[in-house]
Amino acid sequence: MKEWPRLQAGRMTKTLDRYLLKEILAPFFMVLFILTFVLLVGRILQIMDLMVNKGVGVVLMGKILLYLMPSFLIRTIPISLLAAILIGLGRLSADSELIVMKASGISLSRIARPIFALALAATLFTAAMSLFLSPASNHAMKTLLFDLARQKAGVGIKEKVFNNQFKDMVLYAEKIDPRGDFMENVFIADSRLLKETTVITARKAFLVSDPDRLTLSFRLIQGSTHQADPRKGTYQKMDFNSYDLNLDLSGEGQNDVLTQRKSKEMSFSELLGKVRKSGPDTPESRELVIELHTKFTLPLSCLLFALVGIPLSMSRHRSGRAWGFSVAIAVVMIYYFLQMTVESLGERGFLPPAPGAWIPNVLFAIAGGRLFHLASRERPLFPERAFPGWIARAANVFRFSGKGDR
């Protein structure tokens with residue numbers, strides 16, 4: 001009989017945890033879907049261009065979307081978690097359910113336990129993507145787009161036709177091997193670098209790709225280059241046995257993903273090795289150090305947003321989801337503004353890169369701890385006497401609906 005109260009208490013706490021998680025998970029997945037879709041909209045035009053103009057199939061499009069997801073989710077998961085906490089707990093606060101819980105002897109720390117567990121799971125999942133999945137997907141994206149560009153370049157070249165699919169270059173091949181291995185009697189007009197067009201002729205040409213460096217080039221055999229400058233009245237000719245001509249694939253299905261800074265494609269161990277090899281206090285080393293620490297600061301923002309969001313959600317408000325989402329946007333804007341500021345200062349050398357990358361997290365940890373402490377003691381989060389006039393009235397919407405407000 002003595003164990004009966006414990007069993008009942010255990011069942012009640014499990015029921016409470018499930019109830020709180022249910023209130024948070026529903027808006028979490030809703031906001032996560034909306035934010036991720038909004039980010040994908042920016043890539044839809046590029047994807048449609050690949051499908052319509054480049055003939056890329058649905059399977060490859062699915063791979064591209066799959067490779068884009070980790071870099072998006074690293075940003076959207078913390079934001080969605082904060083919005084879900086503000087919406088879910090805000091609804092409980094507006095309906096006075098949190099007051100009933102506290103009147104039943106349930107402390108704020110106990111209410112926050114399942115929420116912090118969810119935030120910890122989100123932190124670990126986001127950290128796995130930041131450290132492993134996102135670098136791998138970025139590299140896989142570049143490789144996929146490079147292979148696509150290489151295939152389209154090889155297939156798109158027609159014999160006895162002036163081909164202009166390469167930027168600032170015209171290619172003519174008198175004959176192309178049926179298997180596509182080489183071309184014969186090649187004529188190339190290259191106007192990419194010099195003001196005057198360079199004419200290149202060769203007996204044979206091979207399309208050569210380097211997957212490691214993501215480069216594509218023509219290997220020309222037994223030919224010559226011709227350059228003429230009418231203003232100076234000069235003409236230059238150079239004969240060669242073998243000549244590699246690099247190709248610009250900007251018009252062959254590659255987008256800005258292919259030109260992202262390489263640090264985004266490095267895992268933690270690769271970044272660490274690159275930092276050790278780079279010189280001390282150089283722009284490259286500062287950028288690498290910031291990227292290295294960002295792989296940890298962004299996932300930890302899940303816990304920090306939970307720490308800030310729990311006390312903010314327990315204020316007097318009646319506007320429900322709109323209020324929670326608005327506050328979430330304001331908090332996220334503050335966090336990412338601080339992050340971009342310290343990253344910019346760190347890259348320019350005005351702040352030490354490693355400590356500077358943690359400044360937003362430290363500030364949010366201090367602010368969140370202070371707000372949580374005030375909320376657990378049922379004190380106003382923003383006392384009126386701390387703010388003059390209209391600022392106090394505006395801050396009053398965040399006041400905790402407890403004894404401190406009476």
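**Exercises: one exposed arginine, one buried threonine**

Arginine 113 has 53% relative accessibility, so it counts as exposed (exposed is over 50% relative accessible area, buried under 20%, partly exposed in between, with a 1.4 Å probe and protein chains only). This is a predicted model, where local features need pLDDT of at least 70, side-chain atom pairs count only at pLDDT 80 or more, and totals for chains, interfaces and linings use all residues. Residues are numbered from 1 along each chain as its sequence is written, and side-chain values use heavy atoms, leaving out hydrogens and water.

**Exercise 1.** Place arginine 113 in its helix and relate it to leucine 20.

*Solution.*
- Step one: look in helix H4, residues 108–156, for arginine 113. Helices are DSSP runs of H or I with at least four residues, strands are E runs of at least two, and both are numbered from the N terminus.
- Step two: go from arginine 113 to leucine 20, 93 residues apart in sequence; their C-alpha atoms are 9.8 Å apart in space.

**Exercise 2.** Work out whether threonine 36 is buried or exposed, and which residues it touches.

*Solution.*
- Step one: find threonine 36 in helix H1, residues 3–53.
- Step two: its relative accessible area is 6%, so threonine 36 is buried.
- Step three: skip residues up to four places away in sequence, and threonine 36 touches Met69, Leu73 and Thr76. A contact here means heavy atoms within 4.5 Å.

**Exercise 3.** Put both residues in the context of the whole protein chain.

*Solution.*
- Step one: count 10 helices and 5 strands in the protein chain.
- Step two: of its 406 residues, 42% count as buried.
- Step three: take the contacts with a separation of 6 or more; 66% of them join residues 24 or more positions apart.
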